Amino acid sequence: MKHWLEESIFYEIYPQSFYDSNDDGIGDIQGIVEKLDYIKSLGCNALWLNPCYMSPFGDAGYDVADYCQVAPRYGTNGDLEHLFGEAHKREMHVILDFVPGHTSTEHPWFRESCKAEPNPYWGRYIWSDSIWVDVADYEGISGSLRGLYPRNGSVAVNFFSNQPALNYGFANPTEPWQSTIDSPEALGTRQAMKDAMRFWLAKGCDGFRVDMAGSLIKNDYGSVETIKLWQDMRAFFDREYPDAVLISEWGEPDKSLMGGFHMDFLLHYGPSHYMDLFRCEHPFFGREGKGDAFSFVETYQKNYQLTNKKGMICIPSGNHDMERIRKYLDCEELKIAYAFLLSMPGVPFLYYGDEIGMRHLELPSVEGGYDRTGARTPMQWDNGKNYGFSKAAGEMLYTAQDMSEDAPVVSGQMAEPDSLWHEIQKLAVIRRKYPALCASGDIEFVYCEKEKYPLVYLRSDADNKILVALNPGGEDVSCACPYEMEKVIYTLGGEIKIEKGVLYIPGECAAFVSVL
Ligand code: NOJ
């Protein structure tokens with residue numbers, strides 16, 4: 001039987017900003033339940049929710065205070081369980097965000113670990129054995145907290161200063177205070193994380209997007225031990241919840257997939273060249289035609305080989321950490337970008353609001369968002385109060401909204417057959433209709449040259465060979481192509497033809513054709 005990921009298209013929800021069902025200005029879980037049919041109608045059949053656990057929200061919930069309790073502003077554990085059930089009724093899946101690398105400073109484990117006297121949580125975080133010995137300078141540690149707590153030591157942080165690093169040990173310990181990876185305290189942390197995942201899996205959660213998955217074990221050159229740690233986690237999944245999935249924020253698919261993750265994301269940092277396509281001065285998907293997909297394709301192919309052609313590399317439209325894709329591409333350019341995103345192997349991820357081309361706003365930081373805040377604004381549902389996001393007074397909203405006259409809204413785009421929304425919907429239907437276009441269909445690049453257009457690749461399975469030809473640039477172009485056209489499956493912006501081994505494609509055009 002096919003794994004549910006095979007035909008999945010994910011929709012990422014930043015819960016704060018999706019839909020407010022209780023008029024307090026902040027989105028909530030019941031709001032997500034009310035919009036499940038909408039998400040399904042767009043063509044997405046799986047959800048990733050950013051962290052919705054108890055938190056002081058110093059980093060929008062990535063600073064967890066209790067892994068097993070929903071933050072009251074979003075609802076209750078019962079509400080989340082209800083969401084799992086409602087999603088399953090609609091044949092949809094829900095994954096939660098899991099943050100195993102650090103907690104907030106308000107987590108009870110951390111409070112215990114700060115005490116002067118040893119206790120069972122003393123080893124849960126990475127502490128040096130004297131306040132005069134800093135822990136900041138080791139591989140995988142981004143800083144330290146010193147002099148704030150009764151305990152005589154400094155403690156490592158993973159990201160912001162309010163995110164103390166959990167202790168999974170050091171692969172190559174050099175100091176007496178550095179735990180080995182098989183020490184009781186390091187194994188204790190690992191066990192606590194398994195228990196937290198088990199807690200949600202037992203309630204119906206379908207898996208996790210794992211935050212900073214590659215960062216758990218310190219001084220781990222080449223991620224050798226971190227890979228083994230995740231193999232152990234995957235074994236636990238396979239034993240207890242074989243349908244559940246693990247998707248990593250790692251950005252290095254070869255390592256992540258070796259660790260047992262089902263999929264890895266390409267990110268706005270790291271070696272993938274993801275940004276060349278959508279977010280740079282001259283993105284490949286811009287109609288000016290000055291972009292370059294070559295380095296992206298080169299890296300992609302390398303990873304594809306390294307992951308045994310499993311192809312489980314997720315290319316998101318955006319996420320809560322990146323500028324909105326609409327900052328660089330207008331809605332017409334975006335249609336061709338989506339023809340790419342929805343025809344690549346792996347599982348597509350659509351960030352809420354990207355389906356209508358919501359804009360990136362310049363806003364003051366909210367909840368540790370800084371320049372990411374502009375991509376986290378409340379969803380624009382319709383032209384009513386607060387764009388239909390909430391009935392609360394405007395100043396109570398999570399962030400300000402796009403006040404421009406032509407701010408895109410869902411209702412407007414659903415009513416307009418030529419909209420970006422409808423193009424995405426059409427592409428989602430086509431993707432599911434042809435298994436060759438789904439997650440594990442093969443890919444072979446047919447044409448991709450440095451600083452040249454088009455980009456052409458073949459997706460295939462035992463039954464079909466589908467050629468995807470994309471020419472985002474404004475000029476008509478051609479390239480060598482060893483296939484014969486059989487049937488046009490999808491076309492946008494013009495017709496392509498293949499004659500005597502040459503493919504001709506007009507400017508600003510995308511096409512999928514079955515070939516022989
Ligand atoms: C990555 C998350 O996506 C980001 O939002 C968060 O701030 C950091 N990890 C720290 O958890």
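Is Cys280 buried, exposed or partly exposed? At 25% relative accessibility, Cys280 falls in the partly exposed class, because buried would need a value under 20% and exposed one over 50%. The legends below take a look at this residue and several others in what is a predicted model.

**Figure 1. The whole protein chain, seen as 12 helices and 20 strands.** Let's start with the full picture before zooming in. The C-alpha trace spans about 80 × 50 × 45 Å along its principal axes. The radius of gyration is 23 Å, which agrees with the value near 24 Å that a compact globule of 516 residues would have. Buried residues account for 61% of the 516. Take the contacts between residues at least 6 apart in sequence: 66% of them link residues at least 24 apart. On the outside, the accessible surface adds up to about 19,400 Å², and carbon and sulfur atoms hold 51% of that. As for charge, there are 47 positive and 76 negative ones, and their mean positions sit 3 Å apart.

**Figure 2. Cysteines without a disulfide partner, with Cys44 and Cys280 picked out.** The disulfide count for this model is 0. For Cys44, the nearest cysteine sulfur belongs to Cys314 and is 13 Å away; a disulfide needs the two sulfur atoms within 2.5 Å, so this pair doesn't qualify. Cys44 counts as buried because its relative accessibility is 2%. Cys280 has no disulfide either, as its nearest cysteine sulfur, that of Cys448, lies 14 Å off.

**Figure 3. Strand β13 and the loop that follows, with Glu444 at the start of the tour.** Glu444 is part of β13, which covers residues 442-447. With a relative accessibility of 46%, Glu444 is partly exposed. Tyr457 is 13 residues away along the chain, yet the C-alpha atoms of Glu444 and Tyr457 are separated by 5.6 Å. Setting aside neighbours within four places in sequence, Glu444 makes contact with Tyr457, Leu458 and Tyr483.

**Figure 4. Two backbone oddities in the loop between β13 and β14, at Glu451 and Pro454.** Most residues other than glycine have a negative phi, and most peptide bonds are trans. Glu451 goes the other way, with a positive phi near 50 degrees. Its side of the story at the surface is simple: Glu451 is exposed, at 61% relative accessible area. A little further on, the peptide bond from Tyr453 to Pro454 is cis, with omega near 0 degrees. Strand β14 then takes in residues 455-460.

**Figure 5. The end of helix α3 and the loop after it, with Lys89 and Glu91.** Helix α3 runs over residues 77-89, and Lys89 belongs to it. Lys89 is exposed, with 63% relative accessibility. Between the C-alpha atoms of Lys89 and Phe265 there are 28 Å, and the two are 176 residues apart along the chain. Glu91 sits in the loop that leads from α3 to β5, a strand made of residues 93-98. Although Glu91 isn't a glycine, its phi is positive, at about 55 degrees. Glu91 is exposed too, at 64%.

**Figure 6. Thr399, tucked into a loop and buried.** Where does Thr399 lie? Its place is the loop between β12 (349-351) and α11 (410-414). A relative accessible area of 5% is why Thr399 counts as buried. Beyond residues up to four places away in sequence, Thr399 touches Leu363, Val366, Thr373, Arg376, Thr377 and Pro378.

Methods. Residues numbered from 1 in each chain as written. Predicted model: local features only at pLDDT ≥ 70, side-chain atom pairs only at ≥ 80, totals over all residues. Heavy atoms only, no water. Helix = DSSP H or I, 4+ residues; strand = E, 2+ residues; numbered from the N terminus. Rg over C-alpha atoms; globule rule 2.2 N^0.38 Å. Buried < 20%, exposed > 50% of the residue type's maximum accessible area, 1.4 Å probe, protein only. Contact = heavy atoms within 4.5 Å. Areas by Shrake-Rupley, 256 points an atom, 1.4 Å probe, with all protein chains shown as cover. Lys, Arg positive; Asp, Glu negative; His and termini not counted. Charge placed at Lys NZ, Arg CZ, Asp CG, Glu CD.
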